[in-house]
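User: I'd like to go through the labels on this model and see what backs each one. Can you take me through them?

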Amino acid sequence: METAKKEFQGLVYQSMKSYGLDELSSKLLSVLYSSPDPLTLDDLSKMTGYSFSAVSAAMKLLTGIKLVEKTKRSGSKKLYFSVQRDMLTLSINAIRSKNEHMVVPALQDLPAIIERCRNSEAEDSEEMLNIIEDYYQQMVALELIFRKLIEYIENIRAEVNKR
């Protein structure tokens with residue numbers, strides 16, 4: 001059983017690396033995914049061989065991007081971490097997080113930046129305006145792609161769940 005668990009962790013590790021995550025984050029997710037129960041920072045540090053502070057920093061990032069959930073148990077000061085085991089939900093959460101942290105702020109802030117650039121008399125303002133407007137259009141497209149992708153994943157989940 002231990003061999004199967006290690007092989008499974010390796011597979012999850014590679015999958016997480018393909019998301020663009022670093023070695024430690026990928027290792028933590030592989031350990032969490034294969035654990036039947038939530039784990040503490042101390043548990044994760046011992047299981048991965050990384051320092052407590054490195055694990056703590058990585059878990060802060062992973063909870064921030066909604067790949068990991070943290071909870072407290074009554075009567076304990078320790079935080080417990082678990083991972084969403086539903087890969088479709090994990091993917092949807094990752095897409096929503098990317099949209100929330102990258103696209104939404106850009107769509108909110110760029111119109112004012114574009115307007116200031118249009119009103120600028122600086123020599124390179126026309127070139128800069130083209131760059132900023134192009135970026136804005138890319139953010140508009142990404143927002144649509146993310147929305148459609150989430151709808152598509154949810155439709156597939158509904159179809160698979162009918163079976």
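**Salt bridges and surface patches**

Analyst: Let's start with a network: salt bridges link E115, R118 and E133. One caveat up front: this is a predicted model, where local features need pLDDT of at least 70, side-chain atom pairs count only at pLDDT 80 or more, and totals for chains, interfaces and linings use all residues. Residues are numbered from 1 along each chain as its sequence is written, and side-chain values use heavy atoms, with hydrogens and water left out.

User: What makes R118 and E133 a salt bridge?

Analyst: The term asks for a side-chain nitrogen of Lys or Arg within 4 Å of a carboxyl oxygen of Asp or Glu. For R118 and E133 the closest N and O atoms are 2.6 Å apart, so the pair fits the definition. The pair links distant parts of the chain, with R118 in helix α5 and E133 in helix α6, 15 residues apart. Helices here are DSSP runs of H or I with at least four residues, strands are runs of E with at least two, and both are numbered from the N terminus.

User: Why is E133 called partly exposed?

Analyst: Buried means under 20% relative accessible area, exposed means over 50%, and partly exposed is in between (1.4 Å probe, protein chains only). E133 has 24% relative accessibility, so partly exposed is the label. R118 has a relative accessible area of 48%, so R118 is partly exposed too.

User: How do you know that D86 and R157 form a salt bridge?

Analyst: Their closest N and O atoms are 2.9 Å apart. D86 sits in the loop between β2 (79-83) and α5 (87-118), while R157 is in helix α6, 71 residues apart. D86 counts as partly exposed because its relative accessibility is 29%.

User: And what about R96 and E154?

Analyst: Those side chains meet at 3.4 Å, N to O, in a salt bridge. The structure holds 6 salt bridges.

User: Which residues make the nonpolar surface patch?

Analyst: L149, Y152, I156 and V160 make a patch of about 350 Å². Patch residues need over 30% relative accessible area and no salt bridge; nonpolar side chains (Val, Leu, Ile, Met, Phe, Trp, Tyr) are joined within 5 Å, like charges within 9 Å. L149 has 35% relative accessibility, so L149 counts as partly exposed.

User: Why is E126 called exposed?

Analyst: Because its relative accessible area is 51%. E126 is found in helix α6.

Terms used
Accessible areas come from the Shrake-Rupley method with a 1.4 Å probe; for residues, only the protein chains shown count as cover.
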